[in-house]
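Trainee: I should like to work through this model with you, moving from the overall picture to individual strands and residues. May we begin?

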Amino acid sequence: MARRTTRGIKKSYVEAPIVFDDEDEPIPVTSRDSDDDDFAAPELAQEEEEDKDEEADMADPTSEEDDAEDEDDEADGDADGKKNDPSSQPKKHRNTGAGMIQSRKGFHDIPHYPLETRIVTRVYAGPLRRYARYSALRDSMYGPEYNRIKIIWDLEMRWAEFPALPPRYLPHEPQGICPSPWLAPAFERTQEQNAARWYRNYYAKSPEVQQSHLLSSHDGEHLIPQSGGDLVTFIGPWDRQGEFRFTQGQSLPITASGLPTSTSKDRDEKASTGWMLDNGSIPLAMGWVPSLVNTKQVLAIASIPFTDQEPRRQEDGADKHEAPDAMTEGCVQLWEFTPKEAGKTLARPSTTPARLIRTLCFDWGRPKRLQWCPVPYESVGSYGLLAILTGDGKARIVDVKLVEEEGSAPIYEWVQSPVVTLGIDDDYNNKVTCLSWVNINRIALGHSDGSVTLWSIFPRKMLQRVGVHTTYVIDICSAYPSNPYLVASIPVGGCATLTDLSQPSSELTYFPVPAISFQPNMLCWNESMQGFMALYPSSTPNTTIAFLHHRFFCQARSICTGPNTITCISAGTTHPFVLAGCADGSLFSCNALQKLFKQKGEPLQKIKVMEHEYRPIRRPELQGTDSGRPVRGAVRILQGFLPEPNDDPRTEKRKELDRKKKLERMKTASGKKKGRPRKNGGTVEDINREAELDDKLASRVVTHEPLTRLTTIVWNPNMQFSCWAACAMASGIIKVMDLGVE
């Protein structure tokens with residue numbers, strides 16, 4: 001039997017409908033049309049033989065020269081009297097490229113999906129190129145509308161002279177902080193009016209409102225996590241640090257040098273630049289109360305006892321925290337910070353110590369996350385709506401009333417039932433893992449099954465449920481206020497994803513590199529830059545913060561690299577400055593907008609704001625009892641660091657190696673010209689520089705004391721207090737700093 005082949009058959013695109021065989025595979029139409037009635041199905045044996053021929057052709061594709069030779073041979077053989085023979089006409093065969101689409105001349109066929117695992121198939125092939133910089137990057141990300149390009153251009157020039165810390169200037173000044181230029185005028189006032197209308201409507205029509213009652217000071221203090229001892233702190237300039245002893249709940253105003261204002265002798269040095277307080281537990285989440293009034297600032301803190309994260313040892317026997325009721329109680333503390341009288345610059349901290357004004361207590365489990373509704377509720381006598389994620393796997397919304405009495409004792413409030421409780425009850429063991437406000441009456445939740453849900457608070461209703469991931473969602477963030485329904489989410493294992501909840505079935509994108517993430521507080525939205533700040537998605541451990549624009553979420557741009565594992569990130573609301581906390585206790589700040597539009601060879605800087613180090617007392621006999629109270633550990637806080645290059649140590653190492661190779665080539669060339677080669681010996685500066693880069697690279701894998709790490713950082717979102725930032729440390733110390741510069 002002669003071997004049949006499809007070589008030599010000239011195929012062309014025709015407008016006639018494509019004919020399908022029994023297995024619904026497209027049949028290529030030959031250059032000469034024929035009726036479907038004249039088509040005779042081949043016998044079974046012949047069909048099997050054709051299948052084998054097709055497989056052989058697909059496994060061993062031939063070149064165009066072979067096809068041309070076969071076509072000439074067939075043409076010579078059919079030249080003598082066989083042109084009119086119907087049996088000599090080319091018959092229809094199966095498509096040798098199963099699944100390939102027949103296209104017009106000049107177009108390429110869709111290739112087969114590669115099955116080789118070494119081939120990367122998740123790639124970005126859009127208009128924004130990886131090598132695009134400055135104007136090309138700006139036009140692609142924020143264009144093509146001229147108005148949008150001009151906005152980002154003006155913002156870049158506005159803060160061009162501040163590479164590390166934000167300016168302490170008012171919005172009307174050329175270099176001052178500014179509200180979002182991407183919003184309509186009077187947006188915040190309109191939102192406040194809508195929130196007040198919704199608040200009154202809720203209390204007028206809701207069948208169930210929040211129920212709570214006050215506790216005595218004695219009962220309320222027992223519900224707060226206890227520290228178990230005082231904390232010895234060493235603060236101040238590095239060459240003359242002072243020793244101070246913090247008790248739980250104590251607060252001290254501090255100066256620019258880091259010393260308390262009460263110990264400074266110089267009048268100029270007595271000006272307060274922030275506060276330091278001992279929370280007595282591990283802070284897991286913080287949030288500033290949104291406000292449009294230039295009054296006292298309130299910070300909500302969710303914390304857990306130190307014993308919840310202590311390592312379990314088998315020789316200790318049964319653990320008391322494994323009891324069912326041992327970890328059901330939790331609380332959220334509200335601290336008040338008093339500013340100075342506002343002048344021609346932004347608000348500054350005063351010398352009045354911070355004080356605890358209210359404690360919300362409940363029996364829903366330990367608080368894990370919290371977030372204030374971004375719209376102020378001051379006009380209705382409330383601090384706002386506070387969303388709390390607790391240990392029972394539910395998210396609850398709590399209405400926190402204003403504290404009008406000044407200088408009074410702290411209020412302890414037991415919340416029996418919140419405004420609303422959110423969670424999926426129909427699914428077994430499906431818990432809420434993270435949350436993010438979308439607007440006044442909408443909140444997005446991440447779940448342990450990988451889904452993302454959108455809820456209405458009043459009336460309580462789940463509006464959407466999108467299966468974005470397949471694993472536990474560790475972080476979620478909404479692009480409020482300019483793009484509230486754009487929700488970014490990061491799973492424990494998988495790809496960071498951006499979902500448009502207004503069209504979740506079609507508008508979804510993701511960063512193409514899967515990663516493993518176990519650390520929360522690593523995702524935030526920056527309104528000025530219209531993008532998200534997150535840990536750079538990578539399949540290998542890294543210490544780099546990335547910027548992901550909401551229009552090009554699948555292409556990340558590096559912003560800042562830390563010396564150790566990144567544990568928390570925060571981006572400003574009215575400026576593009578980013579704070580990054582590390583596991584070694586260091587806190588860095590940089591201008592993310594300047595880094596994004598960096599030109600080649602342009603030197604950029606970042607600054608280490610502070611460094612925190614904790615040492616526990618592991619031997620009970622060494623605990624001091626001079627004041628009648630034990631000591632749980634010691635803390636040292638350093639500050640006053642000089643700016644350093646904002647570059648990745650790996651990049652610096654590569655540049656240094658390239659520079660040395662270039663010098664070696666120059667020395668070799670100059671030695672040949674003189675007739676003798678020179679010895680290639682590095683100078684002392686080169687050796688020291690190379691050793692410094694090696695230390696930076698090695699510091700990324702150094703482990704530190706667990707309570708040394710920074711747990712969470714938050715910029716103040718209010719306009720007059722935009723330069724205030726709160727930094728929480730695992731040792732229990734919380735430091736509120738005014739980082740504005742002039």
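The questions and answers below concern the model shown above.

Trainee: On what basis should the model be read, and how are residues numbered?
Mentor: This is a predicted model, in which local features need pLDDT of at least 70, side-chain atom pairs count only at pLDDT 80 or more, and totals for chains, interfaces and linings use all residues. Side-chain values use heavy atoms, with hydrogens and water left out, and residues are numbered along each chain as its sequence is written, from 1.

Trainee: How many helices and strands does the protein have?
Mentor: Helices (H or I, at least four residues) and strands (E, at least two) are taken as DSSP runs and numbered from the N terminus. On that basis the secondary structure comes to nine helices and 37 strands.

Trainee: What percentage of the 742 residues is buried?
Mentor: Buried means under 20% relative accessible area, exposed over 50%, and partly exposed in between, with a 1.4 Å probe and protein chains only. The accessible surface, from the Shrake-Rupley method with a 1.4 Å probe and, for residues, only the protein chains shown as cover, comes to about 38,400 Å², of which 52% belongs to carbon and sulfur atoms. Of the 742 residues, the buried share is 47%.

Trainee: Why is strand β27 largely enclosed by the rest of the structure?
Mentor: On one side of β27, Thr-544, Ala-546 and Leu-548 are buried, and on the other Ile-545, Phe-547 and His-549 are buried as well. The strand covers residues 544–549 and is largely enclosed because the number of its residues that are buried is six of the six.

Trainee: Which residue of β28 stands opposite Phe-547?
Mentor: Strands count as paired if DSSP finds at least two bridges between them. β27 is joined by five bridges to β28 (residues 552–561), the two running antiparallel, and a hairpin of two residues connects them. Opposite Phe-547 in β28 stands Arg-557.

Trainee: Which residue of β27 does Ala-534 stand opposite?
Mentor: Strand β26 (residues 531–535) runs antiparallel to β27 and is joined to it by five bridges. The residue of β27 opposite Ala-534 is Ala-546.

Trainee: Which strands stand at the edges of the open sheet that contains β20 and β22?
Mentor: The sheet has four strands in the order β19-β20-β22-β23, with antiparallel pairing. Each edge strand has a single partner, so one side of each is left without a neighbour in the sheet; these strands are β19 (473–479) and β23 (508–510).

Trainee: Which residue of β20 is the bridge partner of Cys-477?
Mentor: β19 and β20 (residues 483–491) run antiparallel and are joined by six bridges. In β20, the partner of Cys-477 is Ala-488.

Trainee: How far from Cys-361 is the nearest cysteine sulfur?
Mentor: A disulfide is a pair of cysteine sulfur atoms within 2.5 Å, and the structure holds zero disulfides. Cys-361 is in no disulfide, and the nearest cysteine sulfur belongs to Cys-331, at a distance of 5.5 Å.

Trainee: How far apart in space are Gly-581 and Thr-567?
Mentor: Gly-581 lies in strand β30 (residues 577–582) and is buried, with a relative accessible area of 0%. Not counting residues up to four places away in sequence, Gly-581 touches (heavy atoms within 4.5 Å) several residues, including Thr-567, Leu-710 and Ile-713. Gly-581 and Thr-567 are 14 residues apart in sequence, and their C-alpha to C-alpha separation is 5.7 Å.
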